[in-house]
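The following exercises practise the reading of a protein model, from the whole chain down to single residues. Each task is followed by a solution in steps.

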Amino acid sequence: MKTLVIFNSTEPIPYRRATRGILNILEHLGILYQQIDLAWSRISEEELTTAHLVILGQEGVAKNLSDEEFLTLTRHVSQGLGLLLLDGFLSGYPEVAIRILEIPAFEDTRTTSVFPVRGDWLTETSTAEELTLKKSLSCHSWTSIPSNWSCFLQDEKNRPVGLKRVLGRGRIVLTGLSAGIWQEEYLGHAAGLDGVFWRSLIWASRKPFLARAMPPFVTVRIDDASGSGSPVAREKETVRGLKYINVLNRFGLVPNIGLFVDDIKQEDIETIKAAYHQGGAEFSPHAFRDPKNTNEFPIYMKHTGEEFSLEILQQHFEKLDNLFSSWSIKPSRTVNAHFGELGLASLPFLKQRQQCYLMNVCRVGKAFADPASHQWELKPYHKVNYALDFIPEDKDFFQAMSLPGLDFSAGKPDFDFLFGCTTFWQENFRTDLQKAVRRGVLQIKQGLENLFFGCLMTHEQRIGFLTLQEWETIIKSIMQELKPVPHILKSYDTISAYAESRYRTTLVNAQHNHDLTLWLKGESKVTQLVYLFQEESSGIRQRFLEIPPFSGSVVFKFRL
Ligand SMILES: [Zn+2]
C-alpha cells in the first residue's frame, strides 16, 4: 500500500530541494512511502504491483527514466496505480512519455500567482482564492486541453497549470508548475497549496489508502487573560468571572487560557475552578500582569531576552505553585507564555511540573523582538507557527502550533482573529462582527487545510471590547459555518499529547488482502486515528481507524 517517490541523487541541488519540498510534507501527512533513487536503483515491476501511488517530484527527474520504464509505469497506471507528476519539467520528458500519457501541448511561461479552480475535489479544502508567489515561477501552461483532462489550477492569466485525468483504472495528476513552488523562496508549505497537494495524492492513489496525518482537531487559545482585574476591558460584564469561557463551552469549545495571574480576582476563581474540573478550560500562567503590554512582569524570562537567575525563577514558580494549588487546579501541560518569551533557565522548572508542551510564538530563549526568535528548525517546515516537533534546545519539550499569520515584519497581531474587528487600540472605528466571524472561520480552516489542527486564537483585551451578546454571536456563527467541515473539538493539552504520540510512532507497513493489516512501532499513550480513504460509487470516502495506546512493535487487523 506504499507510495514510491522517485529521486535522483546524482543531481544534488534538485535532489536537496525535492527532499525539502516533498519528503517533509509526506512525513507530515504520515503516509507509507519508499524512496527510489535512480542513482543506484530502478523502478521494478514488483514494486509497482504492490504500490498504490508513484510521485515524480524532483525537478528534471523524468529525463532519467527510460522509454521502457515509462511504458511499464503507464501500464500499471491503467491497471489502477496512481501517478503524480509534480516535477514541473515536461521539456525533459521522453517523447514516448508525452505520447502515452497523452500530455497536451504546452507553452513555457512564468507566473506570479496561482488560482485553485473551484468545484474540484482537489481544491475543496482550499481557503485561498489566489496564491501570490514571492517571485515569478517558471511553469508550463496549456492553452487548450482535451476533454480527457480537467483543470484544477490556473496561472495569473487564467491558463491551466494543474490537470488531472483518469487512464484506464488509474488516475494521473499533472502540474505544469515548477517543483520550486514548494520552496520557501516561491511559496513553500502551509502557505495555501498544501490542501491541493494532499488531496491530489488521495485522489490519484489506488485505494484503500492510509494517512497518519493529524485528525481535524479544533481548539481555542486565549492569551492575556485578566478576568475581573482587566485594566483595559470596556465591557466589564464579558470578562468578569471570565464569562466568555461559558459561551465557548456552550458550543463545545475548550479553550486554553493564558492568565495574567496577579490580575485574577476572587470572583474569577470560582469560574476557573469549575471550568477546570468540568473539563471546560485549561489554564496556564502567561505572565504576572502586564498593563502596558511590554511584558513588564514576566514569569519565565525578561522582555530583553535576558535570563532570570535561578533564585528568581525559584520564587516565581513557588508563587505559581501556591496560587494554583489555592485555586485547586493544575496548570495546563502546554505552556502559554506571554510574547512566547520562555527562558532556557525556566525549562527545568517546567519539566519538574510536567509542563513540557509549548505553543510558543517565538523561539525558546529569545526575546520576541529579536528577529532570530522567529527562525526555528522545527518539523515539518522550519516554521514557528506551523510546527509539531521536539525543540532543538531541549528534546523533552514539544512544540504544537497551528496559527496562520504571524507576519512579524508587519508588527501587528494578525494571528489574533479579532485583530481589526473591535475598537480596542483603535483597530476599527466600530465592532465588526462579520469580519470577526470571517477571520475566525478562516483561521480554523487554514489549520485544518494544512493538516495541523484548527486553532481559534485571540487576546482577552479584544474580547473585553465586545458585549457578551456580541461574543456569543461571533462564536455561534463560527461554529455554524464549521458544521459542514469535519472536525473534532478538543483541548490544547489533548492535541499536544496526541501530536507527541503520533511523533513517537511509525507506521512500518500496511497490507490489504481481505483484511487490512497495519504494523506500527514506537510508543503511543493515546488512541490514534489513522485516515482510511476508500473508493465508493459516490466518490472518495474518508473514515478513521482507531489504534489504541501501545508500546513496542504491534500488529492491528481491520475488516474493511
Ligand atoms: Zn500575551
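The model used here is predicted.

**Exercise 1. The whole chain**

Task: Determine what share of the residues counts as buried, and decide whether the chain is as compact as a globular protein of its length.

Solution.
- Step 1. The chain has 560 residues, of which 51% count as buried.
- Step 2. Its secondary structure consists of 14 helices and 24 strands.
- Step 3. The radius of gyration is 25 Å, and the globule rule gives 24 Å for 560 residues; the two values are close, so the chain is as compact as a globular protein of that length.
- Step 4. The C-alpha trace spans about 75 × 55 × 45 Å along its principal axes.
- Step 5. Among the contacts with a separation of 6 or more, 73% are made by residues 24 or more positions apart.

**Exercise 2. Helices α7 and α13**

Task: Classify the arrangement of α7 and α13 from the angle between their axes, and name the residues that meet.

Solution.
- Step 1. Helix α7 covers residues 243-250 and helix α13 covers residues 468-482.
- Step 2. Their axes come within 10 Å and cross at roughly 30°.
- Step 3. Angles under 35 degrees count as roughly parallel, and therefore α7 is roughly parallel to α13.
- Step 4. The crossing of these two helices is right-handed.
- Step 5. On the side of α7, the residues in contact are Lys243, Tyr244, Val247 and Leu248; on the side of α13, they are Leu468, Trp471, Glu472 and Ile475.
- Step 6. Sorted by class, this contact of α7 with α13 holds six nonpolar residues, two charged residues and no polar ones.

**Exercise 3. Helices α11 and α13**

Task: Apply the reasoning of the previous exercise to α11 and α13, and state which classes of residue form their contact.

Solution.
- Step 1. The axes of α11 and α13 come within 9 Å, with a crossing angle of roughly 45°.
- Step 2. At this angle, α11 and α13 are oblique to each other.
- Step 3. The crossing of α11 and α13 is right-handed.
- Step 4. Helix α11 contributes Leu433, Ala436, Val437, Gly440, Val441 and Ile444, while α13 contributes Glu470, Thr473, Ile474, Ser477, Ile478, Glu481 and Leu482.
- Step 5. The residues of this contact of α11 with α13 divide into eight nonpolar, three polar and two charged.

**Exercise 4. Unusual backbone geometry**

Task: Identify where cis peptide bonds occur before Pro208 and Pro380, and where Asn295 and Leu451 lie.

Solution.
- Step 1. Most residues other than glycine have a negative phi, and most peptide bonds are trans.
- Step 2. The peptide bond between Lys207 and Pro208 is cis, with omega about 0°. Pro208 is found in the loop between α5 (194-204) and β10 (209-211).
- Step 3. Lys379 and Pro380 are likewise joined by a cis peptide bond, with omega about 0°. The loop that holds Pro380 runs between β15 (357-358) and β16 (386-391).
- Step 4. Asn295, although not a glycine, has a positive phi of about 50°. Its place is the loop between β13 (282-287) and α9 (310-326).
- Step 5. Leu451 also has a positive phi, near 60°, and is not a glycine. Leu451 belongs to the loop between α11 (433-449) and β18 (454-459).
- Step 6. A residue is buried if 20 or more other C-beta atoms lie within 10 Å of its own. Asn295 has 23 such atoms and is therefore buried; Leu451 has 26 and also counts as buried.

**Exercise 5. Two residues and their partners**

Task: Decide whether Gly464 and Ala510 are buried or exposed, and list the residues that each touches beyond four places in sequence.

Solution.
- Step 1. Gly464 is located in the loop between α12 (460-463) and α13.
- Step 2. Because Gly464 has 26 C-beta neighbours inside 10 Å, this residue counts as buried.
- Step 3. Beyond four places in sequence, Gly464 is in contact with Ser230, Val232, Ala233, Arg234, Glu235, Thr238 and Val239.
- Step 4. Gly464 and Ser226 are 238 residues apart in sequence, and their C-alpha atoms are 9.9 Å apart in space.
- Step 5. Ala510 is part of strand β20 (residues 505-512).
- Step 6. Ala510 has 22 C-beta neighbours inside 10 Å and so counts as buried.
- Step 7. Excluding residues up to four places away in sequence, Ala510 touches Met1, Leu32, Leu210, Leu516, Thr517 and Leu518.
- Step 8. Between Ala510 and Gly21, which are 489 residues apart along the chain, the C-alpha separation is 25 Å.

Key:
Residues numbered from 1 in each chain as written. Predicted model: local features only at pLDDT ≥ 70, side-chain atom pairs only at ≥ 80, totals over all residues. Helix = DSSP H or I, 4+ residues; strand = E, 2+ residues; numbered from the N terminus. Rg over C-alpha atoms; globule rule 2.2 N^0.38 Å. Buried ≥ 20, exposed ≤ 12 C-beta atoms within 10 Å, placed from the backbone. Contact = placed C-beta atoms within 7 Å. Axes fitted to C-alpha atoms, helices over the stretch in contact; angles between N-to-C directions. Parallel < 35°, antiparallel > 145°, perpendicular 65-115°, else oblique. Left-handed = near helix turned anticlockwise from the far one by under 90°. Nonpolar A, V, L, I, M, F, W, Y, C, P; charged D, E, K, R; others polar.
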